[in-house]
Amino acid sequence: AMTSSGFQFPQGHITVSISPAYVRKGGSSFDLPTALGILIASNQLRCNREIYAEGELSLNGELRKTPGAGLRLLGINDIQDDLLIIIPEEERESGACAGIRGITVRSLRDAYNAIAESKDPYKIEAQISSNNYEDDVLDFSCVKGQEKASRALLLAAAGRHNTLLLGSPGCGKTMAAELIRGIMPPLESSQIPKIYAIREVCGLSIEEGREILAAKRPFRKIYPGVSLTSVIGSPSGLKPGEVTLAHEGVLFADEICEFKGSVLD
């Protein structure tokens, strides 16, 4: 990537120190900071300020996004005044959700120019979906009868309570539960970044992320036979489960009496 971008790669042995050593690290997001560090250490780039950079470099020097950018950018929000933040252009949505001031670049050469020319950071913004919150959410008035169920769901939505619906097959329990998102208030601005970051780290698409930007609350369904790992996440792979994906929204367990005891526990 460095030679393709017109830089010289130093001859000899290069040691890269990524500290602290006790923190587990991995992934290709270290590509860009490693390349910039080599350029600075070899006197090809002069820098007089602290830099936060992330991104995967292709062989021709282009910069690509990496999973979990939203969580990482949220983590540096408190110290961003002292940093020049450089992220890939493909992570613009993540930067906008985190509310950071930085610079988006498309290549290693762009990142070099941003540092060499002392470009000023700017508030990163992204286009928010124009879809209205109510477009694909059925109105609660669709429920006919079922006064007790409607009352229970209204109280649950207002007070953030759990609700258990019992009744004969076909009486409308599932439909009523699916409508609860339509009576919940739109997401507050402080809630959107966290939900976006959770969905992004799970590998959901940018389009789905933009739905979160349109202030739609999560609605997650789980069914009998679902594994414990799918519900609470994988501790070994640090992958969130359905409980986390339903943060600030609704987790709907259909036919909950058929679930495994370990999952219910």
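**View 1. A nonpolar patch on the surface of the predicted model**. In this predicted model, the side chains of Phe 9, Ile 14, Val 16 and Ile 18 come together as a nonpolar patch on the surface, and their accessible area adds up to about 310 Å². One member of the patch, Val 16, belongs to the segment that precedes helix 1, a helix spanning residues 31-41. Val 16 has a relative accessible area of 45% and therefore counts as partly exposed, since that class covers values between the limits of 20% and 50%.

**View 2. An open sheet of 4 strands**. The strands of this open sheet follow the order 1-4-5-6, and their pairing is mixed. Its edges are formed by strand 1 (51-53) and strand 6 (122-123), each of which pairs on one side only. Strand 5, made of residues 101-105, runs antiparallel to strand 6 and is joined to strand 6 by 2 bridges; in one of the pairings between residues, Gly 102 has Tyr 122 of strand 6 as its bridge partner. In general, strands of a sheet pair through backbone hydrogen bonds, in either a parallel or an antiparallel manner.

**View 3. The largest pocket and its lining**. The largest pocket, with a volume of about 1100 Å³, is lined by 38 residues, and those nearest its centre are Thr 163, Leu 251, Phe 252, Ala 253 and Ile 256. Two or more lining residues come from each of helix 5 (147-159), helix 6 (173-178), helix 9 (228-232), strand 8 (250-253) and helix 11 (261-264). Strand 8 makes the greatest contribution to the lining of the largest pocket, giving 4 residues.

Key. Residues numbered from 1 in each chain as written. Predicted model: local features only at pLDDT ≥ 70, side-chain atom pairs only at ≥ 80, totals over all residues. Heavy atoms only, no water. Patch = residues over 30% accessible without salt bridge, like charges linked within 9 Å, V, L, I, M, F, W, Y side chains within 5 Å. Areas by Shrake-Rupley, 256 points an atom, 1.4 Å probe, with all protein chains shown as cover. Salt bridge = Lys/Arg side-chain N within 4 Å of Asp/Glu carboxyl O. Buried < 20%, exposed > 50% of the residue type's maximum accessible area, 1.4 Å probe, protein only. Pairing = 2+ DSSP bridges. 1 Å grid on protein atoms, 1.4 Å probe; cavity = no way out; pocket = protein on both sides within 12 Å on 5 of 7 lines; lining within 4 Å. Points joined across faces, edges and corners; volume = space filled by probe spheres on them.
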